[in-house]
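Please walk me through this structure step by step, in running prose that a newcomer can follow.

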Amino acid sequence: MADKPSIVLVHGFWGGAAHWGKVIVELHGRGFGSLHAVENPLTSLADDAERTRAMVRQIDGPVLLVGHSYGGAVITEAGDLPNVTGLVYVAAFAPDAGESPGQLSQERPPAAFENIAPDSDGYLWIKQEKFHESFAQDLTADEALVMAVTQKAPLGSTFGDPVTAPAWRAKPTWYQVSTADRMIHPDNERHMAQRMAPRKTIELDASHASLASRPGPVCDLIETAAREADGA
């Protein structure tokens, strides 16, 4: 619908744009006609932020950025464009200036941290046999298997790339905490949300893959953000 902003969905580590599949279908059914899901290379924060900015620049009118996992760091870095009206974080990193996802994870290690393994080329993978329990324990075994086999590994160095100027300091925000998250410590999510002072924070009894296991409540938050950001 014409009165709704464009939504740009930004995936995180170990997944691609298709991780947003259930959210896309739900938002489309709610009348969001301008939906976009960026496919980031996961080669560096600078590369991923620029790829996201490139998509946003192609869109006329207001844009709501929605980031999952490491995608939160991307929207934090890329959300400074003038047509970005708000930022929605879905079980996501929200680093401050000079902080990186790796640094935040070391401060509060998540339960499945040890299930991440580097390969000989410097990419980080979640061990396939550990993917279900680590990333998506509230999805079916088949859904988790597909995610495990199709996972998109980031360059390990990307984990240490710091944010420069966090957009959440200038833009309105909304945050979803996954209370059963094993990839980002739930208390880390709460900490990052609290210091942003979001317009709204919700907690879901969900895994890291809340965008797939709880698309309804996630879309409720996005819809709230779309409505409220318009008057920001």
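A residue is called buried here when its relative accessible area is under 20%, exposed when that area is over 50%, and partly exposed in between. The model is a predicted one, and with this cut-off in hand a first residue can be placed: Ala91, with a relative accessible area of 0%, counts as buried because this value lies under 20%. Ala91 is found in the loop between S4 and H4, and its phi is near 45 degrees, a positive value in a residue other than glycine. Most residues other than glycine have a negative phi. Another residue with a positive phi is Ser69, where the angle is about 60 degrees although Ser69 is not a glycine. Ser69 sits in the loop between S3 and H3, and it is buried because its relative accessible area is 3%.

The loops just described border strands of a sheet, to which we now turn. Six strands form this open sheet, in the order S2-S1-S3-S4-S7-S8, and the pairing is parallel. Strand S2, residues 35-38, and strand S8 stand at the edges with a single partner strand each, so that one side of each is left without a neighbour in the sheet. From one strand to the next, the twist averages 15 degrees. Helix H3 packs on the sheet, where it touches S1, S3 and S4, and its direction makes about 145 degrees with that of S3. Helix H7 also packs on the sheet, touching S4, S7 and S8, with a direction that makes about 165 degrees with that of S7.

Strand S7, which spans residues 173-178, deserves a closer look. Which strands does S7 pair with? With strand S4, residues 84-90, S7 pairs in the parallel sense over four bridges, and in this pairing Leu87 has Thr173 of S7 as its bridge partner. With strand S8, residues 200-204, S7 is joined by five bridges, and these two strands run parallel as well. Along that pairing, Ser178 stands opposite Leu204 in S8, while Val177 stands opposite Glu203 in S8. Between these two strands the chain crosses from S7 through helix H7, residues 186-196, to S8, and this β-α-β crossover is right-handed.

Are the residues of S7 buried or exposed? The strand is mostly covered, since six of its six residues are buried. The covering applies to both faces, for Thr173, Tyr175 and Val177 on one side are all buried, and so are Trp174, Gln176 and Ser178 on the other. Helix H7, through which the chain passes on its way to S8, includes Asp187. At 37% relative accessibility, Asp187 counts as partly exposed, because this value falls between the limits of 20% and 50%. Asp187 and Thr224 are 37 residues apart in sequence, and their C-alpha atoms are 24 Å apart in space.

Helix H3, already met on the sheet, offers an example of covering in a helix. Eight of the eight residues of H3 are buried, so this helix is largely enclosed by the rest of the structure. The residues concerned are Gly71, Gly72, Ala73, Val74, Ile75, Thr76, Glu77 and Ala78. They pack against strand S1 (6-10), helix H2, strand S3 (63-68), S4 and helix H4 (101-107).

How do H2 and H3 pack with each other? Helix H2, residues 45-57, and helix H3, residues 71-78, pack at an angle of about 65 degrees, with their axes 9 Å apart. The two helices are therefore roughly perpendicular to each other, a description that covers angles from 65 to 115 degrees. Their crossing is right-handed. Where they meet, Leu45, Asp48, Ala49, Thr52 and Arg53 in H2 come together with Ala73, Val74, Glu77 and Ala78 in H3.

One residue of this contact can be followed further. Ala49, which lies in helix H2, touches Val74, Glu77 and Ala78 when residues up to four places away in sequence are not counted. At 1% relative accessibility, Ala49 counts as buried. Ala49 and Gly71 are 22 residues apart in sequence, and 9.2 Å separate them in space, C-alpha to C-alpha.

Note on methods. Residues are numbered from 1 along each chain as its sequence is written. This is a predicted model: local features need pLDDT of at least 70, side-chain atom pairs count only at pLDDT 80 or more; totals for chains, interfaces and linings use all residues. Side-chain values use heavy atoms; hydrogens and water are left out. Buried means under 20% relative accessible area, exposed over 50%, partly exposed in between (1.4 Å probe, protein chains only). Two strands pair if DSSP finds at least two bridges between them. A crossover is right-handed if, with the strands pointing away from the viewer, the path from the first strand over the helix to the second runs clockwise. Axes are lines fitted to C-alpha atoms, for helices over the stretch in contact, and angles run from 0 to 180 degrees between N-to-C directions. Angles under 35 degrees count as roughly parallel, over 145 as roughly antiparallel, 65 to 115 as roughly perpendicular and the rest as oblique. A crossing is left-handed if the near helix is turned anticlockwise from the far one by less than a right angle, and right-handed if clockwise. Contact means heavy atoms within 4.5 Å.
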